[in-house]
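Opening a fresh page for this one. I'll jot down what I looked up, sheet and strands to begin with, helices after.

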Amino acid sequence: MRVRRAVARTFASVVALVVACAASMTPAAPATAGVTERITDYRSEVTIQHDGTIEVHETIAYDFGAGAHHGINRDVPVRTDQSGKDGYDRVYRLDVVSVAASEGTPAQYTVEDDGDDERIKIGDPDVTITGAHVYDITYRVHGAMNAFGDHDELVWNAVGADWSVPIEQAGAVVHAPADIQRVLCTTGPYGSNFPCASAVFSGSEATFTQTDLAPYEAMTFTVAIPTGAVVPSPTPILEEQFDVASAFRVTPATGAISGALLALFAVIVGLLVWKFGRDRRYRGSAVDAAYGPGDATDGGATDVRAPLREAETPVEFEPPQQLRPGELGTLVDFEANPLDVTATIIDLAVRGYLKIEEVEKEWYQFTHDWKLTKLPKEGELRRYERTLYDGLFEDGDEVKLSDLKSKFAARMTKVREQLMDDAMSKGWFARKPGTVKVLYGIVGLLVVAAGIALTIVLAAETHAALLGVPVIIGGILLLIAARWMPHRTAKGYATLRHTLGFKRFIDESEKRRAEFAERTNLFSEYLPYAVVFGATQKWARAFAGLGDAPDTSSWYVSNHAFDYAVFSSAIDGFAVTSAGTLASSPASTGSSGFGGGGFSGGGGGGGGGGSW
């Protein structure tokens, strides 16, 4: 609104200058020549009350000309930055008392907020009028008077600088509660100080007149009355302007409360993780934790919360309960991820269900490729293994890994879901970890949203917006903590302890290489587990130098002579590539588009309006 006024006033000043120049070069013409819409007479009667409020009665004779309109808008400024105090706006509180009109003129009205103005919209939206009509508007204003050391003062825009039509005659009469001491009246575009045609006073009444006001020209009067004429002493109504620094002002109160709230949210999130995010374990010693009763369930009498730190797990030389690599991967990180699925492919190959064969890379290719061949082995596969196996060879008994790109994503999702279902059926988790993370994530987002809303409200209405920040941070902490909220049951924790013991065996394999010679095919058998544990290179180094290379040709065909380092790198490459390839989704299609007194207009009131 202030920008609009500034532009209009600048434009008016330029227009006035051009008109003045043109007037000096052309013969005089009647003021109303060629004008189809104008105010023929604008009269204001301003009464200063004993309590410091003012009552304004305006009579506006508006000529719409031949154009059909519903009525007029009277825009009265109720907020201005001319407060005399940096960082504050001056506010005028306005109450509309009455609106009347000449015979045949619709006088119904509404009062609307219009930025820094209050708009009195007069007229009937269902009726249009033309020609001359008279409007009588009465309103009361609080906060218009100013107090000085030797007098009280009213600076008022009898005609505001926002009228877009010319005004032929303008006048104002002021009634004061005591004898008027002195007066001043200025006119012209905003900021000018040309004297009005007349400014006289006698006793408690002053009269001001002006003729031929161009569009966006104002008439402003100043009236001084004795101190004490209004009681209490006038005090402008000031409201602090919005400023980010002031909205988030740090005071002893806001600082202390914000700090306390932040600590409270941190404690609440910590307690949630402590109470609900910790694994359960069988009651008793470390041995009891690993070998407790298999029928105990989460929250049962035979289990307790697991400690944050447990004694180091003893090394175990084989997978617990003959579990598959993808199952152990799901247990360890609460997620059936693509690496668990690709480790399952390698495990199926090792067990004789398929063969993996390196494809010779052409000179123009940047990535390696592998061919998967279905082998005629019969055997019972677990549900997720069967879905994976059938999905790989859905289109034939041979398939290149690259041919599955953007085609396998739905099957991959199904395999991962079944792998998680398998973990749930084993009783390892009280609830699906993904569901738990999502639920706490949603609660965290809701807390963040509530914190943002609270911060906005506090910033708009107070200087205590800082109090909303701890709520936002609390929500963010809950979002972060969501990853730690899933927990294992006592049975899942016991299986995890065995799994970590087996992982130690893989990780520390170089220390135990002498024992490996006693196990035929141990390298290939445990290789899928090394993939899941991220220890493929360690596992390969443990076998290097033991003598004869293992025979992997039944399940993996390489383009090079066997070498442990090269082979482990190839397996890692296959695992990583297949994880990305099988999880890739088809590319989506579509498009993106972006698509103070002393000068004219310097007092309270005024504003302007126009027809509608």
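Ground rule for myself before the strands: I call two strands paired if DSSP finds at least two bridges between them. Also noted: this is a predicted model.

**Entry: the open sheet**

I looked up β1 (residues 38–48) against β2 (residues 54–63), and they pair in the antiparallel sense over 10 bridges. For a register mark I took Val46, whose bridge partner in β2 is Val56.

Then I traced the sheet that holds them. It is open, with 7 strands in the order β6-β9-β2-β1-β13-β17-β16, and the pairing is mixed. Which strands stand at the edges? I find β6 (93–101) and β16 (198–202) there; each has a single partner strand, so one side of each is left without a neighbour in the sheet. I also checked the twist: neighbouring strands here are turned by 15° against each other on average, direction ignored.

**Entry: β3**

Next I went to β3 (residues 71–77). I count 7 of its 7 residues as buried, so the strand is largely enclosed by the rest of the structure. What does β3 pair with? One partner is β8 (residues 117–123), antiparallel over 7 bridges, and there I see Ile72 standing opposite Ile122. Another is β27 (residues 608–611), also antiparallel, over 4 bridges. In that pairing Asp75 stands opposite Gly608.

**Entry: α8**

Over to the helices. α8 (residues 409–425) has 17 residues and spans 24 Å from first C-alpha to last, close to the 24 Å expected. I listed its buried residues: Ala409, Arg411, Met412, Val415, Gln418, Leu419, Met420, Asp422 and Ala423. I keep the usual rule in mind: an α-helix has 3.6 residues a turn, so residues three or four places apart point the same way. What covers the buried residues of α8? The cover includes α5 (325–333), α6 (338–350), α7 (383–392), α9 (433–461) and α15 (564–583). Just after α8 I noted Gly427, which takes a positive phi of about 75°.

**Entry: Thr499**

Last stop, a single residue in α11 (residues 490–507), namely Thr499. Buried or exposed? Thr499 has a relative accessible area of 0%, so I put it down as buried. Leaving aside neighbours within four places in sequence, I find Thr499 in contact with Pro320, Leu328, Leu331, Val332 and Phe533. Leu323 is 176 residues from Thr499 in sequence, yet the two are 9.3 Å apart in space, C-alpha to C-alpha. I also looked at the polar end of the side chain: a polar atom of Thr499 there lies 2.8 Å from the backbone oxygen of Thr495.

Note on methods
Residues numbered from 1 in each chain as written. Predicted model: local features only at pLDDT ≥ 70, side-chain atom pairs only at ≥ 80, totals over all residues. Heavy atoms only, no water. Helix = DSSP H or I, 4+ residues; strand = E, 2+ residues; numbered from the N terminus. Expected span 1.5 Å × (residues − 1). Buried < 20%, exposed > 50% of the residue type's maximum accessible area, 1.4 Å probe, protein only. Contact = heavy atoms within 4.5 Å. Axes fitted to C-alpha atoms, helices over the stretch in contact; angles between N-to-C directions. Polar contact = N/O pair within 3.5 Å; in protein donor to acceptor, adjacent residues only side chain to side chain.
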